Amino acid sequence: MTFIFDFDGTIANTLDLILDIYNERITREFGCKFFDKSRLEEFRQKRPASFLRTFGVTPLKLPFIIYRVKTLLKQRMQEVQPHEGMRSLLEQLEAQTIEMGIVTSNSESNVNLFLEQHGMQQYFRFIRSSRSLTSKKRSLNKVIAKYQLDRAKILYIGDEIRDIRSSRAAKIRCAAVTWGHQNGKLLATQHPDVLIKHPSELLSWIQIQKNGAEVG
């Protein structure tokens with residue numbers, strides 16, 4: 001079995017820092033509107049495209065903003081912490097010989113900085129950065145081909161609607177986590193294979209899969 005993780009919002013709690021970077025730098029550099037953090041839950045329950053337009057983040061600006069955020073984030077990666085329960089989950093997955101990797105929209109250098117800082121790099125066989133802003137299908141297909149992975153035994157774990165859609169497009173299963181950038185109610189509308197409220201629930205999911213295989 002192979003677990004492929006998203007990074008931002010799934011493994012790493014980067015949302016608060018990204019919003020700080022947005023308010024401190026992006027608003028001035030790109031002429032966007034200030035984001036009031038009291039609106040965070042409103043942000044998490046809406047689709048990004050319509051919400052971002054409200055703040056002047058146009059499709060034309062978006063690729064440049066994302067590149068700038070990644071650059072500024074690299075300078076402050078020491079501030080980023082793993083989500084609660086994530087380290088324990090990775091330890092237990094390794095103990096069960098679950099193969100793990102990361103496919104993310106963040107840069108590989110940022111991910112490696114984070115993993116080295118928290119002593120987590122040993123858990124992951126591969127890290128791949130997706131260039132597409134809307135889909136990770138191509139990146140998922142590339143790691144599947146490169147590492148000769150069995151699609152029937154892959155679970156992609158992410159926190160956004162695009163993660164669910166990318167998994168479906170790559171013909172692999174997806175677990176949507178509710179602690180990241182989009183909330184559980186919004187994610188549930190896309191019918192992921194499993195909706196996870198805490199990292200430990202992934203261990204229960206594995207056991208269910210094993211029991212099902214034994215019965216079959």
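# A tour from helix α1 to a salt-bridge network

Select Asn-23 to begin: leaving aside its neighbours within four places in sequence, Asn-23 is in contact with Phe-34 and Phe-35. Keep in mind throughout that this is a predicted model. Asn-23 sits in helix α1, which covers residues 15-30. Is Asn-23 buried or exposed? Its relative accessible area is 13%, and because the cut-off for buried is under 20%, Asn-23 counts as buried.

Stay with helix α1 and add Lys-37, in the loop between α1 and α2. Which side chains does Lys-37 meet in salt bridges? One is Asp-16, with an N to O distance of 2.9 Å. This pair links distant parts of the chain, since Asp-16 belongs to helix α1 and the two residues are 21 apart. The other is Asp-20, at 2.5 Å from N to O. Asp-20 also lies in helix α1, 17 residues from Lys-37, and this pair too links distant parts of the chain. Side chains of opposite charge can pair when their charged atoms come close.

Now colour by accessibility. Lys-37 has a relative accessibility of 30% and counts as partly exposed. Asp-16, with a relative accessible area of 44%, is partly exposed as well. The limits for that class are 20% and 50%, so both values fall in between.

Next, show helix α4 (residues 62-74) and helix α6 (residues 108-117). Their axes come within 10 Å and cross at roughly 25°. Angles under 35 degrees count as roughly parallel, and α4 and α6 are therefore roughly parallel to each other. The crossing is left-handed. To see the contact itself, display the side chains of Lys-70, Leu-73 and Lys-74 on α4, then Ser-109, Asn-110 and Leu-113 on α6. By class, this contact has two nonpolar, two polar and two charged residues.

Move on to Arg-162 and Glu-160. They form a salt bridge in which the closest N and O atoms are 3.3 Å apart. Are these two residues buried or exposed? Both Arg-162 and Glu-160 are buried, whereas Lys-37, seen earlier, is partly exposed.

For the last stop, select Asp-6, Lys-136 and Asp-163 together. A network of salt bridges links these three residues. How many salt bridges does the structure hold? The total is twelve, and the pairs visited on this tour include Lys-37 with Asp-16, Lys-37 with Asp-20 and Arg-162 with Glu-160.

Technical notes: Residues numbered from 1 in each chain as written. Predicted model: local features only at pLDDT ≥ 70, side-chain atom pairs only at ≥ 80, totals over all residues. Heavy atoms only, no water. Axes fitted to C-alpha atoms, helices over the stretch in contact; angles between N-to-C directions. Helix = DSSP H or I, 4+ residues; strand = E, 2+ residues; numbered from the N terminus. Parallel < 35°, antiparallel > 145°, perpendicular 65-115°, else oblique. Left-handed = near helix turned anticlockwise from the far one by under 90°. Contact = heavy atoms within 4.5 Å. Nonpolar A, V, L, I, M, F, W, Y, C, P; charged D, E, K, R; others polar. Buried < 20%, exposed > 50% of the residue type's maximum accessible area, 1.4 Å probe, protein only. Salt bridge = Lys/Arg side-chain N within 4 Å of Asp/Glu carboxyl O.
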